[in-house]
Amino acid sequence: MSSPAASPSKQYSEEREVIETGIGNFHCYVHGDKNAPHVIITLHDIGQNHTHFQQFLAHPDMRNILHRLCIAHITLPGQEDNSDNLIVSKYPTMQKVSDTLGEVLEKLGVNGDVIGFGLGAGANILLRYALQAGDKVMGLILMECTAQSAGFVEWGKDVAAAWNLSHKGMNPDTENYLLWHKFGRNKDKNSCPELQDTIKSYREFLYNSMNPKNLAAYIESYRKRSDVLHNLAKQPLNCSVLLISGDHSPHLEDTLKIVKEMNAKNMKHTTFLKAEDIGGDIMDENPEKLAESCLYFLQGLGLVASVRRNSLLKGRTGSIDQCM
């Protein structure tokens, strides 16, 4: 099932396909040729869907990359805009979603090597997928990734957020939790008008577009995630990895644990970007810096070699640390 999808930019067009699986329907949005030898797949965080990646990829600094690669945005069951209530007794686990990604890609017609591009819960799922997919995964861009099970504080916040969503719909307490999850300490940063506009838009998205019961189910699944860090200790990744976290992010320590484990396993094709003055979402807070980092990473994989970097240099902030 496919149909044209609306785009945030006249230069960004895509086709929508709904992939039916045993754990629910995945809404996929494909830009470019699915038969390409290399395909970027995106996977979103809790409180978001594919539109977040659409907005970033429509950014002027990503256009030269966008026109040279196939992008497949994957929205998890029930997380698309204005979704109907899911008819399931239990939302699939992070591991089950990861196990189903291969089926989704096969039904979508994606046969080339994959570059995973994920945020938060989506990054966690892609990390799991890479551990089992082997050479199918060429690279990973993982933003605000966690690899351990939820700690006590996060566990409590997730329980409260999911309960409130299920019983009250979107509400100020859950909104505040999702703002913390997405923007970290920067959510209260009033000195930046652009950031406040972004936060305002995100609030409107939560109240106007997300199905609260379905979102509650996704949050619950993320809260109950199993530890995958020990898997990295046993089975180092074969692909190149770019790990990203903001220095004001609530997920920084979790990301650093992954970096430490990859260092211990001498994964020399791993790069860590600690973004200065960024909360939990560099796509919204500094898309220019993320675009530059993505370009360097993709060129390191031997892709988009002809794309010039000059237009990206104006966004150079933060620091990039190479894992040795």
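Here are a few exercises on this predicted model, each with a worked solution.

**Exercise 1. Get an overview of the protein chain: how many helices and strands are there, and what percentage of residues count as buried?**

Start with the secondary structure: the chain has twelve helices and ten strands. Next, look at burial: of the 324 residues, 57% count as buried. Then turn to the surface, where about 13,700 Å² is exposed, with 49% of that supplied by carbon and sulfur atoms. Finally, check the contacts: among those with a separation of 6 or more, 76% are between residues 24 or more positions apart.

**Exercise 2. Work out whether the end-to-end distance of helix H3 agrees or disagrees with its expected span.**

H3 covers residues 94-108, which makes 15 residues. The expected span is 1.5 Å times one less than that number, so H3 should span 21 Å. Its end C-alpha atoms sit 20 Å apart, which agrees. Now follow the axis: H3 has a kink of about 35 degrees, centred on Thr100. Just past the helix comes Gly109, with a positive phi near 90 degrees.

**Exercise 3. Decide whether Ser98 is buried or exposed, and find which residues it contacts.**

First, place the residue: Ser98 lies in helix H3. Second, apply the cut-off: buried means under 20% relative accessible area. Ser98 has 0% relative accessibility, so it counts as buried. Third, list its contacts, skipping neighbours within four places in sequence: Ile125, Arg128, Tyr129 and Gln132. Ser98 has buried company in H3 too, including Met94, Val97, Thr100 and Leu101.

**Exercise 4. Find which strand is joined to S8, and say how the two run.**

Take S8, residues 240-246: six bridges join it to S9, and the two strands run parallel. For one pairing, pick Leu242, whose bridge partner in S9 is Thr271. Then check the cover on S9 (residues 270-275): five of its six residues are buried, so to speak mostly covered.

**Exercise 5. Name residues that touch the most other members of the largest nonpolar core, and see what Leu243 touches.**

The core has 67 residues, and those touching the most other members include Phe26, Ile74, Leu140 and Leu243. Helix H4 (residues 121-133) provides the largest share, eight residues. Now zoom in on Leu243: leaving out residues up to four places away in sequence, it touches Thr270, Thr271, Phe272 and Leu273, among others. Its other contacts include Leu142, Ile258 and Met262. To finish, look for a second, separate core: this one has 31 residues, among them Leu66, Met143, Ala291 and Leu301.

Definitions and conventions:
Residues are numbered from 1 along each chain as its sequence is written. This is a predicted model: local features need pLDDT of at least 70, side-chain atom pairs count only at pLDDT 80 or more; totals for chains, interfaces and linings use all residues. Side-chain values use heavy atoms; hydrogens and water are left out. Buried means under 20% relative accessible area, exposed over 50%, partly exposed in between (1.4 Å probe, protein chains only). Helices (H or I, at least four residues) and strands (E, at least two) are DSSP runs, numbered from the N terminus. Two strands pair if DSSP finds at least two bridges between them. The bend at a residue is the angle between axes fitted to the seven residues ending there and the seven starting there. Contact means heavy atoms within 4.5 Å. Accessible areas come from the Shrake-Rupley method with a 1.4 Å probe; for residues, only the protein chains shown count as cover. A nonpolar core is a set of buried Ala, Val, Leu, Ile, Met, Phe, Trp, Tyr and Cys residues joined through side-chain atoms within 4.5 Å.
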